[in-house]
Amino acid sequence: MDRIRIVGGQRLNGTIPISGAKNATLPLMIAGLLTEDTLVLENVPRLADVSQLQRILGNHGVDIMIAGKRPGENGNNGRTIHISAKNIVDTTAPYELVSKMRASFWVVAPLVARMGEAKVSLPGGCAIGTRPVDLLIMALEKLGAEIEIDGGYVIARARKGLRGGEIVFPKVTVGGTHTALMAASLARGTTVIENAAREPEIGDVADCLNKMGARISGAGSSRIVVEGVAKLNGARHAVLPDRIETGTYAMAVAMAGGEVLLQNARPELLQAALDVLAKTGVAVTPTNEGIRVARNGAGLAPVDVATAPFPGFPTDLQAQLMALMTRAQGTSHIRETIFENRFMHVQELARLGAHIRLDGDTATVEGVEKLKGAPVMATDLRASVSLVIAALAAEGETMINRVYHLDRGFERLEEKLGACGAAIERISG
Ligand code: EPZ
């Protein structure tokens, strides 16, 4: 298993290109199941989760062609992939595949919408909490699917096709909204989705579906209206930049000091997080090319933050902010309101010398004068990267184990940070 070794204390200076968003790429690839034509996605990041979803879609009979690098293209541009679900040969998504990546459960929606049936394994436990799928199932039922749960599988049937309906989510759910959008696009009649998630990735998927011939309006607001169509066609769509990767590197710069341009980043995708960074005393400047982040000399002020659905502060940046606040000059409070158990990084940060107290959903972080390198490991993607951030400012060497979590969601992390002066290397084996 690969490990990452970081020796802290180097400032970061230079440019970090921001990749296409993982959490848009995954539902966009799944949307390829909705049409027998080819869906071409550009700016697709090179991530383990993308390869895993490729295997899952392959199991349904989807052909995926990944275009090679063109002459003159640098490795910073994402890849272009061609997804063709002309013949769906199997509507079952087995446990062995779904249990490796929760988002693959979302195939249930396009499969039942297009094929009239789907049998998809329940995703099971997950390192960041119980994460049920009851609201995804509710959404499909509102569109006329009959649902049965048998042997750990959700079996969804709509022999005569789905029909439009009214879906009111009792709580904001990204996966629920993706499910509802994809299913409603091929349902007969009109669907209204209330209390829809407003995350930018929802808007990106809706844009792509509209290019495929769907009739979706209101994506990006809490009320989305979908006029179902009989058939969707192929399209070409470029994945939007990853706001979580952007926020992560912004916090890395804030932690290490220095000045970095986050190239292609779009401030409106993470305004709440940028506002928090500005409160800590970090200079955040939008430019034509992206976002410039700088901290030169000044200390970090503590902040009080609660995670919330978009446009609030994202849960996917909670661990990274906590790492940053371990070095603040004072006490911060960070409340996690989305997932009940997303604090696995706390104990690992403590190994580096952080002072963090947990009380229910709130972490109280007392800034310390210095962190000290140590061997650490983490159990999920964002927790792992929070350890990278802490290690950049820790004295001496930090060895991060279980790097495969990082590879799920951060493209060429050690290269991107290394190019800006971080002392970071991957140790294979
Ligand atoms: C998406 O997960 C993201 N994943 C997560 O990113 C992200 O943390 C999360 O949204 C919140 O922003 C992808 O986009 C692939 P939810 P999702 O449904 O859709 C509860 C990362 O690190 N809920 O919005 O699974 C749920 O338990 C990942 O990249 C139900 O109760 O999240 C949670 O408390 C991790 N019943 C809340 O809703 C349901 O049926 C929000 O979850 C569904 C969800």
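For the description that follows, Ala, Val, Leu, Ile, Met, Phe, Trp, Tyr, Cys and Pro count as nonpolar, Asp, Glu, Lys and Arg count as charged, and the others, Gly among them, count as polar. The structure examined here is a predicted model, and under this grouping the lining of its second largest pocket divides into eight nonpolar, six polar and four charged residues. This second largest pocket has a volume of about 330 Å³, and of the 18 residues that line it, Met 255, Arg 295, Ala 298, Arg 327 and Glu 369 lie nearest its centre. Two helices, α8 (243-256) and α12 (381-393), each supply at least two residues of this lining.

The surroundings of the ligand were considered next. There are 22 residues around the ligand, and those that come nearest are Asp 134, Leu 135, Asp 316, Ile 338 and Arg 382. Of these, Asp 316 places a polar side-chain atom 2.6 Å from an oxygen atom of the ligand, whereas Ile 338 approaches through its backbone, with an N or O atom lying 2.5 Å from a ligand oxygen atom. In addition, an N or O atom in the side chain of Lys 22 is found 2.9 Å from an oxygen atom of the ligand.

Contacts that involve aromatic rings were also examined. When rings of Phe, Tyr and Trp are paired if their centres lie within 6.5 Å, the count of aromatic pairs comes to zero. A ring does, however, take part in a contact with a charge, in that the charged end of Lys 119 sits over the ring of Tyr 153, at 5.0 Å from the centre of that ring.

Methods
Residues numbered from 1 in each chain as written. Predicted model: local features only at pLDDT ≥ 70, side-chain atom pairs only at ≥ 80, totals over all residues. Heavy atoms only, no water. 1 Å grid on protein atoms, 1.4 Å probe; cavity = no way out; pocket = protein on both sides within 12 Å on 5 of 7 lines; lining within 4 Å. Points joined across faces, edges and corners; volume = space filled by probe spheres on them. Helix = DSSP H or I, 4+ residues; strand = E, 2+ residues; numbered from the N terminus. Phe/Tyr/Trp six-rings, centres within 6.5 Å; stacked < 30°, edge-to-face > 60°. Lys NZ or Arg CZ within 6 Å of the ring centre and 35° of its normal. Near = heavy atom within 4 Å. Polar contact = N/O pair within 3.5 Å; in protein donor to acceptor, adjacent residues only side chain to side chain.
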